[in-house]
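Trainee: I'd like to learn how to read a model like this one, feature by feature. Could you walk me through it?

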Amino acid sequence: MAEKTFRNKIYWFTFLFSVLVIWVHSYNAVLFLGNTGAAASLVRLERFFGDKIAQIAVPGFFMISSYLFFRGYKPEILMRKWNSRIRSVLVPYIVWNSLYYFGYVIGSRLPYISDVIGKGKIPFGLLETVDAILNYTYNYVFWYLYQLILLILLAPLIYLAVKRIWPGIVFLAILLTGVYLGIDLPFLNLDALFYYSFAAFAAVHKKAVVEGVWSRKRLIAGLVLLAAGCISLRTDLPGSSLGETASVTVVYRLLVPVGLWLMVPEERLFEARDFMKNNFFLYAVHFALVRLINKTGALLLPPVPVLAFLLFFLMPLFAVVISWLASRLIRRFAPAVWRLLNGGR
């Protein structure tokens, strides 16, 4: 496919994943209804969206980030790639973690706002500041960026592992086996390494498949992968761990985004609108917006399951609109601040 078409499809998929990730953090059943039977029923419904459908989002982000990093990669351009990611990943990681921490510090000392935050008085000091910035202590959703930074640092080793086809396949199989066995790595999530390495392998060896023109064969292949991913969730493998990184879950989270990519005809996607290109900023602010909207809704709305679910279901719409309007204001009146917050995107 043409470069412009490829980039437009990337925008569409990152927007889709951004919308899905909002559902992951929008649960409100207990907040609205307390620990009741009605809340339990609503939790199951919300978890279907958040724990099943939406859980493909972050693996999708890892794979897109990896593919773009390794697309056309050569060892001699590593420093250029790293310098680019310093601006687009590391700097906003530090900036947003700082903003969240200082926001919590100030908010926890203000009447009424401290009740909404519900964390008591947040300690303030040098060690606490360093911990909050480096370990995303008050910006929980940036665990993804933390993992991405580690993966970017490991990129030269990942490239060595996947640059030849058969050693690359063996490497991916070893990673998936490690997930199956429940092996934990220090600092790095093994499933994140698997998604990132899979996309690196695709960028090095299967660019023609990833960027090929849509056809009925691609549609059928995508449907098969999508079906295989969904069926894998119903598979009970003996000895498989039951945690979030269980191998069957990882297979589902891998195959569904890949299947969707093959299925979607890129030529039929209209050019991504401005609000669809606002995905990093949306990711950075959505958690605070979701908490504020849910807590305000629980305070002002009657405890009715339908209203709680409606707020949950429409949360991506609210977050997208509010974040887009905020981004337009920042871009217009403080473009330098915008570049800092958005990593130069």
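## Reading the pocket, the core and the odd residues

Mentor: Sure, and keep in mind that this is a predicted model. Start with the pocket: helix 1 (3-24), helix 4 (57-70), helix 5 (78-107), helix 8 (143-153) and helix 15 (279-300) each give at least two residues to the lining of the largest pocket.

Trainee: Which helix supplies the largest share of that lining?

Mentor: Helix 1, with 5 residues.

Trainee: And how does one find a pocket to begin with?

Mentor: The general idea is that rolling a probe the size of a water molecule over the atoms shows where empty space is left. Here, the largest pocket holds about 960 Å³ of space. Its lining has 29 residues, and Ile10, Thr14, Leu68, Phe280 and Arg345 are the ones nearest the centre.

Trainee: How many residues of the lining are nonpolar, polar and charged?

Mentor: The split is 14 nonpolar, 8 polar and 7 charged.

Trainee: Let's go to the core. What should I look for?

Mentor: In soluble globular proteins, nonpolar side chains tend to be buried together. In this model the largest nonpolar core has 99 residues, and Phe70, Trp96 and Phe142 touch the most other members.

Trainee: Which residues is Trp96 in contact with, beyond its neighbours within four places in sequence?

Mentor: Asn139, Phe142, Phe280, Phe281, Ala284, Val285 and Leu341. You've met two of those names already: Phe142 among the core residues that touch the most other members, and Phe280 among the residues nearest the centre of the largest pocket.

Trainee: What about aromatic pairs? How many are there?

Mentor: The count comes to 42 aromatic pairs. One of them joins Trp23 and Phe313, with 5.6 Å centre to centre and 35° between the planes, so it counts as tilted, the class between 30 and 60 degrees. This pair links distant parts of the chain: Trp23 sits in helix 1 and Phe313 in helix 16 (residues 305-333), 290 residues apart.

Trainee: Are those two partners buried or exposed?

Mentor: They fall into two classes. Trp23 is buried because its relative accessibility is 10%, under the 20% cut-off. Phe313, with a relative accessible area of 36%, is partly exposed.

Trainee: What else does Trp23 touch, not counting residues up to four places away in sequence?

Mentor: Besides Phe313, Trp23 touches Phe49, Gly50, Ala54, Phe312 and Pro316.

Trainee: Helix 1 keeps coming up. Where does Lys9 lie, and is Lys9 buried or exposed?

Mentor: Lys9 is in helix 1, and it counts as buried because its relative accessibility is 0%. Leaving out neighbours within four places in sequence, its contacts are Met1, Arg218, Trp261, Val264, Glu266 and Leu269. The last of these, Leu269, is 260 residues from Lys9 along the chain, yet their C-alpha atoms are separated by 7.3 Å.

Trainee: Last one: how do I read backbone angles?

Mentor: Most residues other than glycine have a negative phi, and most peptide bonds are trans. Tyr136 has a positive phi, near 45°, and belongs to the loop between helix 7 (126-134) and helix 8. Phe187 also has a positive phi, about 75°, without being a glycine, and lies in the loop between helix 10 (165-180) and helix 11 (190-205).

Trainee: How exposed are Tyr136 and Phe187?

Mentor: Tyr136 is partly exposed, at 22% relative accessible area, while Phe187 is exposed, at 65%.

Conventions. Residues numbered from 1 in each chain as written. Predicted model: local features only at pLDDT ≥ 70, side-chain atom pairs only at ≥ 80, totals over all residues. Heavy atoms only, no water. 1 Å grid on protein atoms, 1.4 Å probe; cavity = no way out; pocket = protein on both sides within 12 Å on 5 of 7 lines; lining within 4 Å. Points joined across faces, edges and corners; volume = space filled by probe spheres on them. Helix = DSSP H or I, 4+ residues; strand = E, 2+ residues; numbered from the N terminus. Nonpolar A, V, L, I, M, F, W, Y, C, P; charged D, E, K, R; others polar. Core = buried A, V, L, I, M, F, W, Y, C linked by side-chain atoms within 4.5 Å. Buried < 20%, exposed > 50% of the residue type's maximum accessible area, 1.4 Å probe, protein only. Contact = heavy atoms within 4.5 Å. Phe/Tyr/Trp six-rings, centres within 6.5 Å; stacked < 30°, edge-to-face > 60°.
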